[in-house]
Amino acid sequence: MKTPANSPCVLVVEDDAALSEVVCTFLGDEGYACVPAFSGTEALLLAERSGKKNQPFDLVILDLMLPGVPGEELIGRLRAAGVAAPVIVTSARSAVTDRVALLRLGASDYLVKPFDLDELLARVEVQLRGRAGAEVGPAPEVLRFCRWELDPAAHTFAVDGELLRLTRTEFDILAALMREPSRVFTKQALFELVRNEEALTEERTISTHISNLRVKLRPSGTDAYIQTVWGIGFKLQ
């Protein structure tokens with residue numbers, strides 16, 4: 001089935017050729033344009049080429065056990081190269097510590113193998129839902145709080161004019177907080193805002209992203225802007 005020219009483009013990084021074909025065929029039938037990569041090195045090359053052509057991937061589905069560059073390292077290198085697309089990790093490793101570590105590295109979601117294709121599709125749709133909404137209507141207003149400036153249209157965040165690289169989820173958390181700086185957000189409310197779905201995962205997921213944000217903000221001395229309201233959630237101060 002041929003996908004439309006404007007279909008979301010998904011980079012499927014999986015060294016198991018049979019599984020890669022199954023995923024690409026399934027998502028292709030659902031209207032997605034899939035590009036397979038069978039090693040971490042190949043994935044980096046494809047991401048680099050797509051960026052040079054100004055046709056970046058909309059989403060990455062990433063296995064961890066890869067030849068060349070392993071999945072854990074690949075996430076960091078993609079983010080360092082400016083790839084802002086959400087990354088859904090697929091792995092047989094199901095421990096909470098593994099999932100938390102991958103989120104800290106910049107992953108957007110984590111799916112344990114073997115997985116159901118319908119569940120994979122649902123997670124792809126959730127990650128791309130914000131992208132579809134952003135393409136409609138006027139450009140959103142630039143948000144400012146003290147020394148921070150966040151531009152939703154350009155997807156940039158700066159402290160005193162210095163850009164700071166954030167994951168998509170970290171960016172969305174700051175955007176939610178900066179839109180209503182006096183509001184105390186529960187962890188569930190933040191999760192629903194940044195993922196655009198019901199809070200069906202552990203609350204500690206949001207806490208992990210907040211912790212990562214504070215680490216990134218600490219050199220600028222603005223990490224204390226994010227205040228913990230014990231027993232409730234987070235707010236700006």
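Let's start with a pair of charged side chains: D109 and R123 form a salt bridge in this predicted model, and their closest N and O atoms are 2.9 Å apart. The contact links distant parts of the chain, since D109 belongs to strand β5 (residues 109-112) and R123 to helix α5 (residues 117-134), 14 residues apart. How exposed is each partner? D109 has a relative accessible area of 13%, and because buried means under 20%, D109 counts as buried. R123, with a relative accessible area of 22%, is partly exposed.

R123 has another acidic partner. It also forms a salt bridge with E119, where the closest N and O atoms are 2.7 Å apart. Here the geometry is local: R123 and E119 both sit in helix α5, four residues apart, which is about one turn of the helix. E119 has 33% relative accessibility and is partly exposed.

Now move along to D160 and R147, another salt bridge to find on your screen, with closest N and O atoms 2.8 Å apart. This pair, too, links distant parts of the chain: D160 lies in the loop between β8 and β9 (162-163), R147 in the loop between β6 and β7, and 13 residues separate them. Both ends are partly exposed, D160 at 49% relative accessibility and R147 at 34%. Elsewhere, E14, D63 and K113 are joined into one network by salt bridges that share partners. How many salt bridges does the structure hold? There are 11.

D63 from that network is a good way into strand β3, which spans residues 59-63. β3 is mostly covered, with five of its five residues buried. In a regular strand, side chains alternate between the two faces of the sheet. In β3, L59, I61 and D63 are on one side and V60 and L62 on the other; all of them are buried, so both faces of the strand are covered.

What does β3 pair with? One partner is strand β1 (residues 9-13), which pairs with β3 in the parallel sense over four bridges; within this pairing, V10 has L59 as its bridge partner in β3. Another is strand β4 (residues 87-91), which runs parallel to β3 and is joined to it by four bridges. In β4, T90 stands opposite D63. If you follow the chain from β3 through helix α3 (residues 71-80) to β4, you trace a right-handed β-α-β unit.

Next, the nonpolar interior. The largest nonpolar core has 26 residues, and those that touch the most other members are W148, L150, F157, L174, M178, I206 and I226. Several elements each supply at least two residues of this core: β6 (143-145), β7 (148-151), β8 (156-159), α6 (168-179), α7, α8 (204-217) and β12 (233-236). Which of them gives the most? That is α6, with seven residues. To see the packing from one side chain's viewpoint, select L150: leaving aside residues up to four places away in sequence, L150 touches V142, L143, T156, F157, F171, L174, A175 and M178. A second core, separate from this one, has 24 residues, including L44, L62, V89 and Y110. L62 ties this second core back to β3, where L62 is one of the buried residues.

Stepping back to the whole chain, the protein has eight helices and 12 strands. Of its 237 residues, 44% count as buried. Among contacts with a separation of 6 or more, 59% are between residues 24 or more positions apart.

Finally, how confident is the prediction? The mean pLDDT is 82, and 89% of the residues reach 70 or more. Among the elements, strand β3 has the highest mean pLDDT, 93, whereas helix α7 (residues 187-195) has the lowest, 76. Two stretches stay under 50. Over residues 133-137, where pLDDT is under 50, the model has zero contacts beyond four places in sequence. Residues 196-202 are also under 50 in pLDDT, but there the model has 14 contacts beyond four places in sequence.

Definitions and conventions
Residues are numbered from 1 along each chain as its sequence is written. This is a predicted model: local features need pLDDT of at least 70, side-chain atom pairs count only at pLDDT 80 or more; totals for chains, interfaces and linings use all residues. Side-chain values use heavy atoms; hydrogens and water are left out. pLDDT is the predictor's confidence in each residue, from 0 to 100. Contact means heavy atoms within 4.5 Å. A nonpolar core is a set of buried Ala, Val, Leu, Ile, Met, Phe, Trp, Tyr and Cys residues joined through side-chain atoms within 4.5 Å. Buried means under 20% relative accessible area, exposed over 50%, partly exposed in between (1.4 Å probe, protein chains only). Two strands pair if DSSP finds at least two bridges between them. A crossover is right-handed if, with the strands pointing away from the viewer, the path from the first strand over the helix to the second runs clockwise. A salt bridge is a side-chain nitrogen of Lys or Arg within 4 Å of a carboxyl oxygen of Asp or Glu.
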